[in-house]
Amino acid sequence: MISFEFATASRIIFGAGKLNSFAKHWNGRAKRLLLVRGKSSDAIPRVREILSARDIRFTEFEVHGEPTVELVRAGAEIARSCDEVIGLGGGSALDAGKAIAILATNPGDVVDYLEVIGRGETLTHAPLPYIAIPTTAGTGTEVTRNAVIESPADGVKVSLRSPLMLPGLALVDPELTYSLPPAITASTGLDALTQLIEPFVSVKANPMTDALCREGMRFAARALRRAYENGHDKEARERMSLASLFGGLALANAALGAVHGFAGPLGGMLDAPHGAICACLLPLVMEANLNALKEREPGHPALARYAEIAQILTAHPDATAFDGVTWVSELVRDLNIPALSTYGMGREHFPEAVEKTLKASSFRGNPIPLKEAELVEILEEAL
Ligand SMILES: [Zn+2]
C-alpha cells in the first residue's frame with residue numbers, strides 16, 4: 001500500500017528572468033527587511049535596486065562560507081527588529097537566512113533547537129516571511145525544511161529542522177547561475193545529482209519523489225557537462241536549476257543516504273565544499289551499496305533502482321547498475337573534483353568520521369545499513 005506526505009515551499013516561481021518580473025509584481029510590505037546574502041553574485045546589486053526602488057529599508061548580512069552557530073545567532077539578533085527576510089546566494093546563504101528567519105521569532109538560543117549536539121527542542125513559532133533566491137544550482141535548499149549549521153566547537157555540521165522552516169517563496173531564476181565559475185558549477189551540480197540518486201534508492205522513497213528524481217537525473221545527466229564547459233549555455237543552466245530544485249523537493253520528502261551521512265561529519269572536519277565531498281563519495285557509496293545489497297539482500301528492490309539510475313544516466317536501455325557507477329566516476333573525474341586528501345583528509349580522520357556517520361540522520365535513509373568496515377573502505381578509496 002502506498003502512503004506518503006509531501007511538503008514544500010508555499011510558492012515556487014521558476015524561470016530565466018523571473019527575478020525581474022517578480023520584482024515588478026511584488027507586493028512586499030516589509031517595513032524593514034534583512035537581506036542575508038553570499039559574498040559575491042551579480043544578483044546582489046539587482047536585489048538592492050529592487051528594494052530601494054520600493055523604498056524598503058533593509059540591512060545586509062553577509063555569509064562567508066557555511067553558517068556557524070555564532071553567525072546565525074548574530075543574524076537572528078538583527079532579524080528580531082525586521083519583519084521579513086530574503087536569502088540570496090548559494091546553499092550557505094540560503095540556509096543561514098532560513099535559520100535566522102525562524103530563530104528571530106522563537107525564544108532561546110539556536111543550540112536549544114539543534115539536533116545531535118543541542119537539545120533538539122521543537123521550534124513552535126512560525127518564522128518571519130522568508131524568500132529564498134538561489135544563485136547556484138545544487139543544494140535545492142530553497143524548498144527544504146532544514147538548515148545545515150556548523151559548530152566549530154564540536155567539529156561537526158548538524159541540522160536545524162522544522163516543517164515551519166519551508167520558505168514562503170522559492171524564486172529560482174537560472175539566469176543568476178550564468179556567471180558561476182566551472183569549479184562551483186561542478187561541485188554544486190554533483191551535489192544536485194547526489195540529491196537525486198540518494199532519495200531514489202532511499203528507504204523513504206515514494207512515487208512522487210521517484211517522479212522528480214527520474215526527471216531530475218535526466219536533466220543533470222544531459223546538462224552538467226555542458227554547463228561546466230560553457231557557463232552561458234542557457235539551456236544547460238536551466239536544466240541544472242531544475243535538477244537542483246527537484247533534488248531539494250525529493251530529499252525534503254524522501255531522505256538521503258550514506259553520501260550525505262558522511263558529508264555532515266566530514267564537512268565539519270575538513271575545509272571542503274559540501275558538493276565536492278558528495279561528488280567524491282557518490283560513486284564509492286553507490287558501489288559499496290550495490291556490493292552490500294548483492295551479498296546480503298539479493299532480492300532488495302534498490303538493486304533494480306540502481307539499474308534504472310544507470311539506464312537514465314547513460315541513456316542505454318540495457319545498462320547495468322555497475323555501468324551507472326562507472327558513468328558517475330567518469331563524470332566526477334572529468335569535472336576535476338579533487339580527492340579528499342587534497343582537503344587534508346588522512347587516515348587519522350577515519351575513526352571519528354565513521355563513528356559520526358553511523359549516527360547521522362541522513363545515513364538512516366541508505367537502502368542498506370553499511371558496516372563499519374565498509375565505511376572505512378569508502379574513505380580509503382576517497383583519499
Ligand atoms: Zn547535498
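This report describes the nonpolar cores, the zinc site and the ring contacts of one structure, which is a predicted model.

**Nonpolar cores**

The largest nonpolar core has 79 residues, and those with the most contacts inside it are Leu 266 and Leu 281. The element that gives the most to this core is helix 10, which spans residues 274–296 and supplies 13 residues. When its neighbours within four places in sequence are left aside, Leu 281 is in contact with Val 259, Phe 262, Leu 266, Leu 340, Ile 378 and Ala 382. A second core, separate from the one around Leu 281, is made of 32 residues, including Phe 61, Val 69, Ala 79 and Leu 94.

**The zinc site**

The zinc ion is coordinated at 2.0 to 2.1 Å by Asp 191 through OD, by Gln 195 through OE1, and by His 260 and His 274 through NE2. Along the chain these donors follow the spacing D-x3-Q-x64-H-x13-H. The two histidines belong to separate helices, His 260 to helix 9 (residues 258–269) and His 274 to helix 10, so the pair ties together parts that are 14 residues apart in sequence. The angles among the four donor atoms run from 91 to 150°, and the site of the zinc ion is irregular; it does not count as tetrahedral because that class requires all angles to lie between 85 and 135 degrees.

**Ring contacts**

The count of aromatic pairs comes to one. The pair is formed by Phe 219 and Phe 246, whose ring centres are 5.9 Å apart and whose planes meet at 55°, an arrangement classed as tilted. Phe 219 lies in helix 7 (residues 207–229) and Phe 246 in helix 8 (residues 234–254), so this contact ties together parts that are 27 residues apart in sequence. A further ring contact involves a charged side chain, for Arg 305 lies over the face of Phe 200, at 4.6 Å from the ring centre.

**Accessibility of the paired residues**

The table lists the relative accessible area of the two histidines and the two phenylalanines described above.

| Residue | Relative accessible area | Class |
|---|---|---|
| His 260 | 8% | buried |
| His 274 | 22% | partly exposed |
| Phe 219 | 14% | buried |
| Phe 246 | 16% | buried |

Buried means under 20% relative accessible area, and His 274, at 22%, is therefore classed as partly exposed, whereas His 260, at 8%, counts as buried. In the aromatic pair, Phe 219 is buried at 14%, and Phe 246 likewise counts as buried at 16%.

Technical notes:
Residues are numbered from 1 along each chain as its sequence is written. This is a predicted model: local features need pLDDT of at least 70, side-chain atom pairs count only at pLDDT 80 or more; totals for chains, interfaces and linings use all residues. Side-chain values use heavy atoms; hydrogens and water are left out. A nonpolar core is a set of buried Ala, Val, Leu, Ile, Met, Phe, Trp, Tyr and Cys residues joined through side-chain atoms within 4.5 Å. Buried means under 20% relative accessible area, exposed over 50%, partly exposed in between (1.4 Å probe, protein chains only). Helices (H or I, at least four residues) and strands (E, at least two) are DSSP runs, numbered from the N terminus. Contact means heavy atoms within 4.5 Å. Donors are N, O and S atoms within 2.8 Å of the metal (3.2 Å for Na, K and Ca); water is not among the atoms, so sites may look incomplete. Four donors count as tetrahedral if all angles lie between 85 and 135 degrees; four count as square planar and six as octahedral if opposite donors are over 155 degrees apart and all others between 65 and 115; anything else is irregular. Rings of Phe, Tyr and Trp (its six-membered ring) pair if their centres lie within 6.5 Å; planes under 30 degrees apart count as stacked, over 60 as edge-to-face and the rest as tilted. A charge sits over a ring if NZ of Lys or CZ of Arg is within 6 Å of the ring centre and within 35 degrees of the ring normal.
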